[in-house]
Amino acid sequence: MVPARWRTAGGALLRVVVVWAVSTLTMLALAGLLPDFRLQSDDGDSATRTAVTAAWAAGAFGLLSALVWPLAVRALLLVPALVLGLLAFFLNGSLLLFALWLVPDGRGESAPENAVVVAAVMSAVASATSTALAVRDDDAYRRRLYRLAGRRRSRPRAAVPGGLPGTLFLQLDGVGHRVLRDAVADGVMPTVAGWLGATHRLTSWRTDWSSQTGASQLAILHGTNHDVPAFRWYEKDTGRLMVSNRPASAVELQRRAIARTGDGGLLTLDGASRGNLFSGGADQLALVLSVSARRGRRNRSRAGYVAYFRDPANAVRTALSFVAEVCREIGQATRSRLAGETPRVGRGGLYPFIRAFATVVERDVVVAAVIGDLLAGRTAVYADLVGYDEVAHHSGPHGRDALQVLRRLDRSISLIAHVAAHAPRPYRIVLLSDHGQSPGETFASAYGLTLRDLVRAGCGLPVPRRARHTPGGAEARGALRTAVHLPEEERRDRPAARPSDPVVLASGNLGLVSFPDVAYRLSREEIDRRHPGLLRTLADHPGIGFVLVRSEEHGSVVLGPGGAEVPVDDLTDDGPLAPYGPGAADAVRRTDSFPHVADIMINSRYDTATGTVHAFEEQIGSHGGLGGEQSEAFLLSPRILSAPVVDGGRLVGAEEVHRVLRRWLRETQGPQVPLGPAGEPVQESPSRPRPEEAFPVADRVAPDKHG
């Protein structure tokens with residue numbers, strides 16, 4: 001034991017000396033390259049004296065980085081995350097200037113701008129050297145990855161149940177089943193291709209009518225997405241506009257889901273939730289929207305940013321990558337515009353920064369958090385990587401820009417898989433998506449007016465001469481606003497000033513129309529009396545596929561082109577819903593039963609020949625309704641786990657996906673006992689049906705400590 005301990009200490013000391021020496025040589029090289037950075041006195045020094053000065057400055061800078069940087073980052077906890085990333089250069093440069101000030105006889109001196117450059121280069125070199133030296137030392141490599149993840153071990157190594165595997169659920173937001181298959185076939189995602197050919201099986205699953213992250217992830221993590229009709233909707237009983245990527249709405253949706261199921265979520269047993277809209281009942285949280293406004297050191301969503309940026313090398317690398325991504329987006333948008341590519345949407349304003357946040361900052365922070373979870377031996381981890389979804393909205397799901405993001409995501413998956421090999425327990429990695437995306441020209445671009453304009457025209461209300469575009473509602477936009485402490489944005493589609501005016505909302509190619517002056521869901525007959533031409537104007541429009549509305553005579557009905565009218569009770573996958581494929585009728589019927597379904601639900605036309613839809617937002621890759629690839633998500637699972645469905649079966653709905661994931665957790669964790677919503681063991685009443693029979697996700701489970 002003693003020799004091993006001395007050997008470990010000796011190895012650590014050797015690595016410190018080597019990193020110090022490499023940092024010294026780097027500083028000498030930079031002193032020779034940069035004009036306003038010197039390590040000599042005004043009269044000049046010998047080579048030995050200069051080397052000693054460089055060693056002194058490098059050592060001081062390394063020591064300050066190790067001791068002061070983590071404290072400085074923690075002190076800046078209330079600084080917006082993006083600003084914190086940009087401050088990395090300033091803080092690093094300041095530490096270097098202070099280190100040079102500590103050099104005896106004033107031999108170290110640098111211009112502030114050069115100090116920023118020198119500090120960034122030295123941090124990167126020291127980080128790379130330390131990592132390279134640790135490659136052949138598993139313990140050192142593990143410690144390095146802990147530091148990169150910005151977290152400490154939360155339990156002793158012996159307390160981790162190494163015999164039982166953990167499970168990592170990695171969500172690739174917006175990556176449809178077809179996109180994944182094409183990316184694998186074209187060599188864009190070699191890591192996934194290797195899994196698919198050897199250890200994993202690929203299964204497609206069909207989303208609900210509301211094919212978007214708010215509905216899908218709520219059901220996947222919490223077991224139900226009941227009464228989530230769209231990405232955004234208006235609730236008449238409260239006068240509230242619900243938007244899935246707003247913290248207040250996410251909190252309420254999670255509360256409703258827990259109340260309905262009586263269950264804390266998929267991750268209640270030693271779980272971690274990273275980069276998600278909802279917590280899933282996890283104790284370990286980072287970048288989780290539903291808790292982003294919550295106070296407290298351990299449960300604040302933004303703590304993930306601070307943990308990541310605590311390492312100066314992380315901060316510098318991510319800040320540089322952020323700037324590069326902004327420039328990449330500007331260049332790609334310019335190329336697209338000059339080439340006259342169509343369809344095309346505007347990509348100016350803040351969008352380059354939103355894209356860089358999703359594809360760089362959020363990716364890096366989430367990946368680092370997942371690495372920490374794996375090395376801490378967490379039982380269940382669920383993480384969302386949103387970069388592809390954000391880029392595909394503006395570049396198209398099959399565009400070159402989106403495929404480049406997939407290539408980088410594959411590298412992140414490879415890194416995570418490599419780290420999992422060093423974890424204190426084996427891990428089963430499941431890849432999945434929450435929905436796909438369907439391409440197509442926007443409704444406004446194709447027909448010269450927005451859905452709001454069309455509805456107002458059908459109601460006989462004035463229509464603005466110039467169409468007003470509806471900004472896209474991608475998850476990254478909400479996450480960015482939370483990260484930089486911006487208030488929830490005001491939208492033009494709020495309830496109108498006149499109570500009788502309709503509220504028109506867009507969720508991809510799904511539109512919702514509500515009349516806020518009536519407290520209940522208006523019927524077709526009432527709408528016809530108020531606005532005789534509205535429903536036929538909508539149903540017969542060439543860009544609209546079908547309309548759902550309540551009828552006093554037939555219950556709810558689906559209206560289609562050419563006077564088609566089918567009661568929901570008699571609805572099949574033929575008729576107006578034929579282009580939308582099997583399962584469309586059931587999806588519409590389920591949404592029609594929701595308490596907060598809109599007065600009028602509108603789904604855009606789907607062209608089966610081209611696979612395109614018309615988004616009611618400014619997106620050429622969209623999701624949120626029915627039609628095409630947006631409704632086909634994927635599940636890539638290890639073959640060691642049971643098959644998601646029996647041969648010939650079909651996985652339909654995010655709630656069913658939740659049941660599959662929960663089953664897999666049970667398979668890996670052995671004997672289990674039910675837990676209540678607060679985590680306490682509960683006794684099942686003999687008079688009640690078993691939860692699995694009444695509702696498969698009604699009880700959360702945990703391993704029995706005694707077996």
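In this predicted model, contacts between distant parts of the sequence are prominent: of the contacts in the protein chain with a separation of 6 or more, 73% come from residues 24 or more positions apart. The chain holds 22 helices and 24 strands, and 57% of its 707 residues count as buried.

Two residues give a concrete view of such long-range neighbours. Val 188 sits in the loop that links helix H6 (177-185) to helix H7 (190-198). Its C-alpha lies 5.4 Å from that of Arg 407, although 219 residues separate the two in sequence. Apart from residues up to four places away in sequence, Val 188 touches Ala 183, Leu 403, Leu 406, Arg 407 and Asp 410. With a relative accessible area of 5%, Val 188 is buried, because the cut-off for that class is under 20%. Ile 640, in the loop between strand E21 (632-638) and strand E22 (651-652), offers a second case. The C-alpha atoms of Ile 640 and His 200 are 8.3 Å apart, while the sequence places them 440 residues from each other. Here the relative accessible area is 58%, so Ile 640 is exposed.

The nonpolar interior can be described next. The largest nonpolar core has 58 residues, and the members that touch the most others are Phe 169, Trp 209, Tyr 382, Val 588, Leu 635 and Leu 661. Helix H21 (residues 654-669) supplies the largest share of this core, with six residues. A second core, separate from this one, contains 54 residues, among them Val 184, Met 189, Ala 272 and Val 405. The general tendency in soluble globular proteins is for nonpolar side chains to be buried together. The surroundings of Phe 169 illustrate the largest core at the level of one residue. Beyond its neighbours within four places in sequence, Phe 169 is in contact with Leu 266, Val 381, Tyr 382, Ala 383, Val 430, Leu 432, Leu 661, Trp 664 and Leu 665.

Among the sheet elements, strand E5 (residues 232-235) runs antiparallel to E6, and four bridges join the two. Glu 235 has Arg 240 of E6 as its bridge partner. The two strands make a hairpin with four residues between them, and Gly 239 in the turn adopts a positive phi of about 70 degrees. Following E6 (240-243), the loop towards helix H9 (247-261) carries Ser 244. This serine counts as buried because its relative accessibility is 0%. Its side chain reaches the backbone oxygen of Phe 231 at 3.0 Å. Setting aside neighbours within four places in sequence, the contacts of Ser 244 are Gln 212, Gly 214, Ala 230, Phe 231, Trp 233, Ala 250, Leu 253, Leu 277 and Leu 289.

Further along the chain, six strands form an open sheet with antiparallel pairing, in the order E12-E13-E17-E14-E15-E16. Strand E12 (503-507) and strand E16 (565-567) are the edges, each pairing on one side only. On average, and ignoring direction, neighbouring strands in this sheet are turned by 20 degrees against each other. At the E12 edge, five bridges connect E12 with strand E13 (residues 510-514) in the antiparallel sense, and Leu 505 has Leu 512 of E13 as its bridge partner. Two helices accompany the sheet. Helix H16 (residues 451-458) lies across E12, E13, strand E14 (544-551) and strand E17 (600-604), and its direction is at about 150 degrees to E12. Helix H20 (residues 584-592) packs on the sheet and touches E14, strand E15 (555-559) and E17, making an angle of about 40 degrees with the direction of E14.

Helix H13 (residues 387-395) is a mostly covered element, with nine of its nine residues buried. Charged and polar side chains deserve a look here: the buried residues of H13 include Asp 389, Glu 390, His 393, His 394 and Ser 395, alongside Gly 387, Tyr 388, Val 391 and Ala 392. Just after the helix, Gly 396 takes a positive phi of about 95 degrees.

The cysteines complete the survey. A disulfide is a covalent bond between the sulfur atoms of two cysteines, and a search of the whole structure finds zero of them. Cys 459 is buried, because its relative accessibility is 10%. Cys 327, with a relative accessible area of 48%, is partly exposed.

Technical notes
Residues are numbered from 1 along each chain as its sequence is written. This is a predicted model: local features need pLDDT of at least 70, side-chain atom pairs count only at pLDDT 80 or more; totals for chains, interfaces and linings use all residues. Side-chain values use heavy atoms; hydrogens and water are left out. Buried means under 20% relative accessible area, exposed over 50%, partly exposed in between (1.4 Å probe, protein chains only). A polar contact is a pair of N or O atoms within 3.5 Å; within protein, one must be able to donate a hydrogen and the other to accept it, and residues adjacent in sequence count only if both atoms are side-chain atoms. Contact means heavy atoms within 4.5 Å. Two strands pair if DSSP finds at least two bridges between them. A nonpolar core is a set of buried Ala, Val, Leu, Ile, Met, Phe, Trp, Tyr and Cys residues joined through side-chain atoms within 4.5 Å. A disulfide is a pair of cysteine sulfur atoms within 2.5 Å. Axes are lines fitted to C-alpha atoms, for helices over the stretch in contact, and angles run from 0 to 180 degrees between N-to-C directions.
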